[in-house]
Amino acid sequence: MNEVLIRKAKKGDKDAFCRLMDENVQSMYKIAAAYLKNDEDVADAIQDTILSCYENLRSLRKNRYFKTWLIRILINKCKDVIQKNKLVTFMDQIPETPFHEEYETIECLQALEPLDSKYRLVVILYYMEEFNIREISNILDLPENTVKSRLHRGRKKIAEIYGYKIKEERA
């Protein structure tokens with residue numbers, strides 16, 4: 001994460017804020033798509049997140065946690081959309097023409113679609129967004145052991161779905 005951009009954005013530099021959002025829009029899309037049912041709701045959640053970040057950026061205490069803070073806001077906005085629309089919390093379909101998305105990311109999301117949303121989100125945050133267990137725990141407001149369990153179960157379920165053999169670790 002670009003510390004200089006964050007500092008400039010906190011001081012009111014609109015261009016720096018726009019660049020920060022541009023750097024994170026793909027991550028926001030992946031996470032919102034894991035929560036929400038259609039592209040319009042994903043776009044709404046991202047738009048609300050960007051507005052909230054712009055309005056509250058000065059409240060961010062430690063710049064190094066910018067992305068964690070941003071993703072936490074996004075997840076809360078996704079939950080708001082779900083509540084508002086009374087949507088199911090898992091994704092039934094991948095949008096055909098997502099914005100700022102690469103073909104291979106769409107394939108990854110489709111491959112994860114059979115997973116329950118609680119496992120899918122943890123897998124996306126860990127493997128696609130490269131957050132560590134502690135960061136995911138903070139973002140989702142879950143104990144670290146719950147995150148580890150969901151990650152393990154998500155991996156196991158993917159292996160079962162796609163016919164991979166996995167070697168169980170021995171304690």
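Is Glu130 buried or exposed? Glu130 is exposed, with a relative accessible area of 66%; here buried means under 20% relative accessible area, exposed over 50%, and partly exposed in between (1.4 Å probe, protein chains only). The tour returns to this residue below.

**Before starting**

This is a predicted model, in which local features need pLDDT of at least 70 and side-chain atom pairs count only at pLDDT 80 or more, while totals for chains, interfaces and linings use all residues. Residues are numbered from 1 along each chain as its sequence is written, and side-chain values use heavy atoms, with hydrogens and water left out.

**The whole chain**

Display the entire protein as a cartoon. Its secondary structure comes to 8 helices and 0 strands, giving the pattern α-α-α-α-α-α-α-α along the sequence. Helices (H or I, at least four residues) and strands (E, at least two) are DSSP runs, numbered from the N terminus. Of the 171 residues, 44% count as buried. Among contacts between residues at least 6 apart in sequence, 63% join residues at least 24 apart; a contact means heavy atoms within 4.5 Å. Switch to a surface view: the accessible surface comes to about 10,500 Å², and 46% of it belongs to carbon and sulfur atoms. Accessible areas come from the Shrake-Rupley method with a 1.4 Å probe, and for residues only the protein chains shown count as cover.

**Helix 2**

Select Cys18, which is found in helix 2 (residues 14-35). Cys18 is partly exposed, with a relative accessible area of 43%. Add Tyr54, 36 residues from Cys18 along the chain: the two C-alpha atoms are separated by 9.4 Å.

Next select Ser27, also in helix 2. Ser27 counts as buried because its relative accessibility is 8%. Leaving aside neighbours within four places in sequence, Ser27 is in contact with Lys67 and Glu129.

**The salt bridges**

The structure holds 3 salt bridges, each being a side-chain nitrogen of Lys or Arg within 4 Å of a carboxyl oxygen of Asp or Glu. Select Glu129 and Lys30, whose closest N and O atoms are 3.4 Å apart in a salt bridge. This pair links distant parts of the chain, with Glu129 in the loop between helix 6 and helix 7, Lys30 in helix 2, and their positions 99 residues apart. Both Glu129 and Lys30 are buried, Glu129 at 7% relative accessibility.

Now add Lys67. Its side chain meets that of Glu129 in a salt bridge (3.3 Å, N to O). This pair also links distant parts of the chain: Lys67 is in helix 4 (residues 66-85), and Glu129, 62 residues away, is in the loop between helix 6 and helix 7. Lys30, Lys67 and Glu129 are thus linked in a network of salt bridges.

**Two loops with positive phi**

Most residues other than glycine have a negative phi. Select Glu130, in the loop between helix 6 (117-128) and helix 7 (133-140). Glu130 is not a glycine, yet has a positive phi of about 60°.

Move on to Asp141, in the loop between helix 7 and helix 8. Asp141 likewise has a positive phi, of about 55°, although it is not a glycine. Asp141 is exposed, with a relative accessible area of 61%.

**Helix 8**

Select Glu144 and Arg134, whose side chains meet in a salt bridge (3.3 Å, N to O). Glu144 lies in helix 8 and Arg134 in helix 7, 10 residues apart. Glu144 counts as partly exposed at 30% relative accessibility, whereas Arg134 counts as exposed at 55%.

Which residues of helix 8 are buried? They are Val147, Leu151, Gly154, Ile158 and Ala159. They cover an arc of only 130° around the axis, which puts them on the same side of helix 8; the arc is that of the directions from the helix axis to the C-beta atoms. The face turned away from this buried side carries the exposed residues Asn145 and Glu160.

Finish at Tyr162, found in helix 8 (residues 144-162). Tyr162 counts as partly exposed, at 38% relative accessibility. Just after helix 8, Gly163 takes a positive phi of about 75°. Ile161, Tyr162 and Tyr164 make a nonpolar surface patch of about 320 Å². Patches are made of residues with over 30% relative accessible area and no salt bridge: like charges are joined within 9 Å, nonpolar side chains (Val, Leu, Ile, Met, Phe, Trp, Tyr) within 5 Å.
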